[in-house]
Amino acid sequence: MVESRVAKQLGVGQPTVREALVALEHQGLVVRKTNQGCIVTSLTRDEISQILKIRASLRCWLLS
């Protein structure tokens, strides 16, 4: 994933995309590769299931 291409596709500035990718990197969802851009992290079905359960629990907790 190259910042300039994503920015052009979304019609936003490169700094906006860079900030979003940094946030995703901190969440473990992308990995930055020097001079290559970002690569989306591969997740197993179990990991995805756990993430969705946690998000649902947090949403319920926040709304109550």
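1. Let me start with R32, which is partly exposed at a relative accessible area of 31%. On the scale used here, buried means under 20% relative accessible area, exposed means over 50%, and partly exposed is what falls in between, with a 1.4 Å probe and protein chains only. The areas themselves come from the Shrake-Rupley method with a 1.4 Å probe, and for residues only the protein chains shown count as cover. Please keep in mind that this is a predicted model, where local features need pLDDT of at least 70 and side-chain atom pairs count only at pLDDT 80 or more, while totals for chains, interfaces and linings use all residues. Residues are numbered from 1 along each chain as its sequence is written, and side-chain values use heavy atoms, with hydrogens and water left out.

2. How many salt bridges are there? The count comes to three, taking a salt bridge as a side-chain nitrogen of Lys or Arg within 4 Å of a carboxyl oxygen of Asp or Glu. As general background, side chains of opposite charge can pair when their charged atoms come close. Here E3, R18, E25 and R32 are linked in a network of salt bridges.

3. Within that network, E3 pairs with R32, and their closest N and O atoms are 3.3 Å apart. E3 sits in helix α1 and R32 in strand β1 (residues 30-33), so this pair ties together parts that are 29 residues apart in sequence. Helices (H or I, at least four residues) and strands (E, at least two) are DSSP runs, numbered from the N terminus.

4. R18 and E3 also meet through their side chains in a salt bridge, at 3.1 Å from N to O. That pair links distant parts of the chain, with R18 in helix α2 (residues 14-26), E3 in helix α1 (residues 3-10), and their positions 15 residues apart. E3 counts as buried at 15% relative accessibility, whereas R18 counts as partly exposed at 36%.

5. The remaining partner to look at is E25, which forms a salt bridge with R32, the closest N and O atoms being 3.4 Å apart. E25 is partly exposed, with a relative accessible area of 30%.

6. Which residues of α1 are buried? They are E3, V6 and A7. Their arc around the axis is only 100°, which puts them on the same side of α1; the arc is that of the directions from the helix axis to the C-beta atoms. An α-helix has 3.6 residues a turn, so residues three or four places apart point the same way. R5, K8 and Q9 are exposed on the other side of α1. The cover over the buried residues of α1 includes α2 and β1, with contact taken as heavy atoms within 4.5 Å.

7. Just before α1 comes the segment that holds V2. V2 counts as partly exposed at 32% relative accessibility. The C-alpha atoms of V2 and L21 are separated by 10 Å, with the two residues 19 apart along the chain.

8. After α1 comes G11, whose phi is positive, near 70°. G11 lies in the loop between α1 and α2 and is exposed, with a relative accessible area of 67%. Its C-alpha atom is separated by 21 Å from that of I39, 28 residues away along the chain.

9. N35 deserves a look too, with a positive phi near 60° in a residue other than glycine. For context, most residues other than glycine have a negative phi. N35 is found in the loop between β1 and β2, and at 82% relative accessibility it counts as exposed.

10. On the surface, L43, I48, I51 and L52 make a nonpolar patch of about 320 Å². Patches are made of residues with over 30% relative accessible area and no salt bridge, joining like charges within 9 Å and nonpolar side chains (Val, Leu, Ile, Met, Phe, Trp, Tyr) within 5 Å. L43 lies in the loop between β2 (37-40) and α3 (45-63) and is partly exposed, with a relative accessible area of 35%.

11. Lastly, the cysteines: the count of disulfides comes to zero, where a disulfide is a pair of cysteine sulfur atoms within 2.5 Å. C38 counts as buried at 3% relative accessibility, whereas C60 counts as exposed at 54%.
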